[in-house]
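Here is a report on one protein model with its ligand. Please look over the structure before reading on.

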Amino acid sequence: MTRVYNFGAGPAMLPEAVLQQAQEEMLNWQGTGMSVMEVSHRSQDFQALLQQAEQDLRDLLLVPEQYRVLFLTGPARSQFSMIPLNLLGDNSQADYIDTGIWSHAAIAEARQFCQVNVAVSSEENSYKTIPPLAAWQLNSQAAYCYYTANETVNGVEFHTVPEVGSTPLVVDMTSSLFSRPFDVSKFGLIFAGAQKNFGPAGLTVVIVREDLLDRAAATTPSVFNYALQNKHQSLYCTPATFSCYIAGLVFRLLKQQGGIEAIGKINQRKASKLYDFIDNHDFYHNDIDPDYRSRMNVPFTLAESTLNDKFLKQAKDQGLCALKGHRSVGGMRASIYNAMPEAGVDVLISFMDEFARAYP
Ligand SMILES: *Cc1c(COP(=O)(O)O)cnc(C)c1O
């Protein structure tokens, strides 16, 4: 059995080198005679692992000193409630930018905690574009302004960081963190679940500006309290140790590969190739505003939706897996995160070319 190219949106592909290293040290991690999963999270060995992972993350993203990095257990979605619980303080209002399924879900959750001002929404355009900043109706009283950098389901992505003045900017980077360079200092808080682009499920990384750590609601459950987690250096409760370990290996590999600048160039090339191919073939279609097309998740449709099942089956037979689009959008979706080799995109394109020729 050879490895396939997995185009699934998440849990997604991991670098083969990382999986191999994990396999090699599975029974005896760093001479402990145990797997990393069996080691105490309070042991020196594990604390060193977590410190190294944090340092590598900081090096990769050039995280300024006044930001804290938290390795929290739970899904990315846990942040949909943790953010209002921790960041509202005495304020009862927050701005949200509605650009797709994930921001929409974050808004629904935030409504349980505060008055949500949807500053702008592209729902009427079926989330196929991102409205220009000039159209956003921001509230100067908002405790924070929340947006989703890459809408995994819809395939739309912000290619620059929006300027929202002095309101702390909060971003869901679950499907784009580590995929391209960006300026951490523009944000109040950045979060990402690991399973799309840097590790196994169960881990969510939060990067938060230190001055925002003092405003959690008194009723915030302790495991959901950023300040408490920060005080305990992410060891207040048992972290998702194996997920942290794999994420650490991924960060190491990214550094060896030349860092985020280098991987960003590869990602841009992979995405451009695929979009160019789709745009040059009548048989395939992507109707996202070209200015906001995602580099990570490429949705597309076939000219005949009756061919969808054939397409998926033949693709799978050639080792091209999980290309079925999200149920809310239909069609196909190729998720091409960091761990998808450029060769995988090339094989997909040749397959799509052959398929289109067979069904003119
Ligand atoms: C997948 C995803 C989520 C939800 O992740 P869970 O870990 O399942 O909660 C949230 N936001 C974005 C952008 C995602 O891609």
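## Unusual backbone angles

Tyr 127 sits in the loop between β4 (115-121) and β5. The model is predicted. Phi of Tyr 127 is near 60°, a positive value in a residue other than glycine. Tyr 127 is also buried, with a relative accessible area of 7%. That value counts as buried because the cut-off is under 20%.

Gln 233 also has a positive phi, about 50°, and is not a glycine. Its place is in the loop between α6 and α7 (241-256). Is Gln 233 buried or exposed? Gln 233 is exposed, with a relative accessible area of 57%.

## A cis peptide bond

Gly 10 and Pro 11 are joined by a cis peptide bond. Omega there is about -10°. Pro 11 belongs to the loop between β1 (5-6) and α1 (16-24). Gly 10 comes up again below, in the lining of the largest pocket.

## Strand β5 and its partners

Strand β5 covers residues 145-148. Cys 145 and Tyr 147 point one way from this strand. Tyr 146 and Thr 148 point the other way. All four of these residues are buried.

Which strands pair with β5? One is β3 (residues 93-98), which runs parallel to β5 and is joined to it by two bridges. Asp 95 has Cys 145 of β5 as its bridge partner. Another is β8 (residues 169-172), paired with β5 in the parallel sense over four bridges. Here Cys 145 stands opposite Leu 169 of β8. Cys 145 thus has a partner in β3 and a partner in β8.

## Strand β9 and its partners

Strand β9 spans residues 189-193 and is mostly covered. Five of its five residues are buried. Leu 189, Phe 191 and Gly 193 point one way, while Ile 190 and Ala 192 point the other way.

β9 pairs with β8 in the parallel sense, over three bridges. Val 170 has Leu 189 of β9 as its bridge partner. β9 also pairs with β10 (residues 203-209), this time in the antiparallel sense and over five bridges. In that pairing, Leu 189 is matched with Val 208 of β10. Strand β8 links the two descriptions: it pairs with β5 and with β9.

## The ligand site

Which residues are around the ligand? They are Pro 75, Ala 76, Arg 77, Trp 102, Thr 148, Asn 150, Thr 152, Asp 172, Thr 174, Ser 175, Gln 195 and Lys 196. Thr 148 is part of β5, and Asp 172 falls within the residue range of β8.

Three distances to ligand oxygen atoms stand out for the bench reader. A backbone N or O atom of Ala 76 lies 2.8 Å from a ligand oxygen. In Thr 152, a side-chain N or O atom is 2.4 Å from an oxygen atom of the ligand. In Gln 195, a side-chain N or O atom is 2.8 Å from an oxygen atom of the ligand.

## The largest pocket

The largest pocket holds about 340 Å³ of space. Its lining has 18 residues. Gly 10, Trp 102, Thr 152, Gln 195 and Lys 196 lie nearest its centre. Trp 102, Thr 152, Gln 195 and Lys 196 are also among the residues around the ligand. By class, the lining has six nonpolar, eight polar and four charged residues.

## The one cavity

How many cavities of 30 Å³ or more are there? The count comes to one. About 40 Å³ of space lies in it. Its lining is made up of Asn 6, Gly 8, Ala 12, Met 13, Ser 335, Ile 336, Tyr 337, Ala 339 and Met 340. Six of these lining residues are nonpolar, three are polar and none is charged.

## A buried glutamine

Gln 229 is in helix α6 (residues 226-231). It is buried, with a relative accessible area of 3%. A polar atom of the Gln 229 side chain lies 3.0 Å from the backbone oxygen of Val 223. So this buried side chain has a polar contact, because the pair falls within 3.5 Å.

Key
Residues are numbered from 1 along each chain as its sequence is written. This is a predicted model: local features need pLDDT of at least 70, side-chain atom pairs count only at pLDDT 80 or more; totals for chains, interfaces and linings use all residues. Side-chain values use heavy atoms; hydrogens and water are left out. On a 1 Å grid over the protein atoms alone, a cavity is a set of points where a 1.4 Å probe fits but cannot get out, and a pocket is an open set with protein on both sides within 12 Å along at least five of seven lines; lining residues have an atom within 4 Å of a point. Grid points are joined across faces, edges and corners, and a volume is the space filled by probe spheres set on the points. Ala, Val, Leu, Ile, Met, Phe, Trp, Tyr, Cys and Pro count as nonpolar, Asp, Glu, Lys and Arg as charged, and the others, Gly among them, as polar. Buried means under 20% relative accessible area, exposed over 50%, partly exposed in between (1.4 Å probe, protein chains only). Two strands pair if DSSP finds at least two bridges between them. A residue is near a molecule or strand if one of its heavy atoms lies within 4 Å of it. A polar contact is a pair of N or O atoms within 3.5 Å; within protein, one must be able to donate a hydrogen and the other to accept it, and residues adjacent in sequence count only if both atoms are side-chain atoms.
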